[in-house]
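Got your viewer open? Let's take a short walk through this structure, one selection at a time.

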Amino acid sequence: YYYKLRLIVKLEKEEKMEKLNPYEFLEFIVTDEKIKSRKFLEKMDISSRHIRRACRENSIYINGKRTFENVEVKKGDSVAIKFPDESLNALCQYKDIDICYEDYDLLIVNKEYNCVTHTAKDDSQDTLLNYLAAYFEKNNIKRKVRFVNRLDRDTSGLIIVAKNSYAHAKIMDEFSNNQVDKIYLAICRGDFKEKQGEIVKKISLCQDGIRREVDDDNGKYAKTKYQVLKDNKKLALVKLKLFTGRTHQIRVHLKSIGHPIIGDKLYNDCNEEQNLLDRQALHSYSLSFKLPRTGELKTFTAKLSDDMDMLNNEIS
C-alpha cells in the first residue's frame, strides 16, 4: 500500500512536456555550467516577488516540464516561468485603436487627443483603458492592461502597454533610470531667436494645485532640449526631447521662454492662439527603449493627429 501511494504521488508530480510559446512563457537558456534554478532566474533580472509567486503557483518549468523544487540546472537547459491568466481590470468598450506595434509582451498605441488614459473617479468609461480591455478580450489576451507611461487627456501620441508583469517592470525600470528617449512635437508661438537649445529650469506645483510653474528655489530639476523645425514668425513646429518627466514639463518650459503651446488653456493666455486649436498642440512622437525580452533597442514613432497636422501645414 505504501509503495502504491508513493507511486500515485510521483505520477501526479510528473508533468508532460509543454510547448513553451512566448505568450504564456518567459524562457531563458542556461549559460552557467551548474546553478540552482531560482538563482539563475535572479541572474536573469526576474524580481524576487515574481520568483516567489512562481514558486507558490508551481509555474517554473525546466526543459518544458514543471518542477516543484529548486533544482540544479546546467548549461543548455531551458528555465521558464509561466505567466498566469488574469482578469481584466476595466469595463470593455469597443472602439478602434491605432496600434503602432504589437508582440507577445507589448502594445504600442497612438492615443488620440481628448481621451483619458486611465479610468478614475470622474472617468470610469470611454477611456483608453476601456478600449484596450475590449481589445484584450477580443484577442483572448487573458491579462490585466498595464500602462507603462501615460499622457494628458489632450496630448496625443505614443503610450506603451505591457501584456505581462515582467515586461511592465523591465520598461518601468528603463523609464526610472532615464534610459528611454522621449521625443515630442509641439506647435507653439513662433519667432524663435535661438533655433535650438536646452531649457533647464526647476518646476513646482502652483497654489491652485493644478498648474505648474518655474520655481528655482523650491522646484524639482527639469531639463528639456528643443529644436525648431519650422517657424513662420507666428507659429513654430518644435521637436522636444525630455530628460526628466515632470508634470506639464514641456508646457511650462516653453511658456517660460516666451513660446507657449497653441491651444493650451492653462499656460497660454493669448485668446487668439487658444482658439487656433481646441486642445494643446502637443504630441508624443517617438519613444526609444530596449525590448524587455531580447534587449534590442527599438524606436517607435506615431504620426501627427489630423488637427495638429492641419495646423502644421499652415507653417511655411
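How far is the sulfur of Cys188 from the closest cysteine sulfur? Select Cys188 and Cys270: the distance between their sulfurs is 13 Å, and Cys270 holds the closest one, so this is too far for a bond. Before moving on, note that this is a predicted model, where local features need pLDDT of at least 70 and side-chain atom pairs count only at pLDDT 80 or more, while totals for chains, interfaces and linings use all residues. Residues are numbered from 1 along each chain as its sequence is written, and side-chain values use heavy atoms, with hydrogens and water left out.

Now pick Cys92. The closest cysteine sulfur, in Cys115, is 15 Å from the sulfur of Cys92, again too far for a bond. With a disulfide taken as a pair of cysteine sulfur atoms within 2.5 Å, the count is 0 disulfides.

Try colouring by accessibility (buried is under 20% relative accessible area, exposed over 50%, partly exposed in between, with a 1.4 Å probe and protein chains only). Cys188 is buried at 0%, whereas Cys92, at 23%, is partly exposed.

Next, select strand S16, residues 235–242 (strands are DSSP runs of E, at least two residues, numbered from the N terminus). Of its 8 residues, 6 are buried, so S16 is largely enclosed by the rest of the structure.

Add the strands that pair with S16 (pairing takes at least two DSSP bridges). S11, residues 181–189, runs antiparallel to S16 with 8 bridges, and Ile183 sits opposite Lys241. S15, residues 223–231, is also antiparallel to S16, over 7 bridges; here Lys225 is the bridge partner of Lys241.

Last stop: the hairpin of S15 and S16. There are 3 residues between the strands, and Lys233 has a positive phi near 80°.

Notes:
Helices (H or I, at least four residues) and strands (E, at least two) are DSSP runs, numbered from the N terminus.
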